[in-house]
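The following exercises concern a single protein chain. Each task is followed by a solution in steps.

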Amino acid sequence: MHDERHWIRQVRAPAPILRTTHGEPQAGLSCLPAAWQCDLATEELRWSRGVYDLFGIAPGSPVDRRSALELYTPESRRTLDRLRGLALETCGSFTFEAQIQRLDGSLRWMRLNADVQKKDGRAAVLYGTKQDITAEMSARGF
């Protein structure tokens with residue numbers, strides 16, 4: 001069972017598109033999701049600038065998976081490990097809300113969307129988006 005702070009959904013869900021009140025997509029907002037991917041053969045991470053910003057890491061800095069995982073709070077890290085393992089085993093996807101501690105020590109919440117790219121019927125790349133939802137979680141009392 002997970003803590004009520006962590007919302008978990010295991011469905012194929014595309015990254016959300018924010019829209020104006022007139023229905024057209026908004027661009028250039030800091031709350032838009034940022035892209036990431038992990039090559040499963042090498043565990044090499046690739047992040048867009050928004051992911052670096054979310055974690056408080058200088059864009060372009062080398063980041064390995066182990067040091068990135070250390071930035072998740074213990075509860076979020078356990079949840080991520082479980083969901084990631086299941087996604088890789090089933091070539092599935094997941095979405096959950098994780099808490100991280102940035103390099104400057106501040107706590108942030110993010111919505112992590114993940115999906116699997118297959119090669120020869122096996123998981124080859126894990127990829128998705130990360131979106132800062134700290135304000136949303138604060139409004140919910142977390």
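**Exercise 1.** Determine how many disulfides the structure holds, and whether Cys38 and Cys91 are buried or exposed.

*Solution.* The model is predicted. A disulfide requires two cysteine sulfur atoms within 2.5 Å. By this criterion the structure holds 0 disulfides. Burial requires a relative accessible area under 20%. Cys38 has a value of 3% and is therefore buried. Cys91, at 12%, counts as buried.

**Exercise 2.** Describe how strands S2 and S3 are joined and which way the side chains of S3 point.

*Solution.* Strand S2 covers residues 34-39 and runs antiparallel to S3, with 4 bridges joining them. One of the residues to locate is Trp36, whose bridge partner in S3 is Trp47. The hairpin has 4 residues between the strands, and Glu43 adopts a positive phi near 65 degrees there. In a regular strand, side chains alternate between the two faces of the sheet. Along S3 (residues 44-47), Leu45 and Trp47 are buried and point to one face. Glu44 and Arg46 point to the other face and are not buried.

**Exercise 3.** Characterise the surroundings of Ala34.

*Solution.* Ala34 is placed in strand S2. Its relative accessibility is 6%, so Ala34 counts as buried. Leaving aside residues up to four places away in sequence, Ala34 touches Ser48, Gly50, Val51, Gly128, Thr129 and Lys130. The C-alpha atoms of Ala34 and Arg49 lie 7.3 Å apart, with a separation of 15 residues in sequence.

**Exercise 4.** State the confidence of the model, for the chain and for residues 9-30.

*Solution.* The mean pLDDT of the chain is 84, and 77% of its residues reach 70 or more. Over residues 9-30 the pLDDT is below 50, and this stretch has 32 contacts in the model beyond near neighbours in sequence.

Methods:
Residues numbered from 1 in each chain as written. Predicted model: local features only at pLDDT ≥ 70, side-chain atom pairs only at ≥ 80, totals over all residues. Heavy atoms only, no water. Buried < 20%, exposed > 50% of the residue type's maximum accessible area, 1.4 Å probe, protein only. Helix = DSSP H or I, 4+ residues; strand = E, 2+ residues; numbered from the N terminus. Pairing = 2+ DSSP bridges. pLDDT = per-residue confidence, 0-100. Contact = heavy atoms within 4.5 Å.
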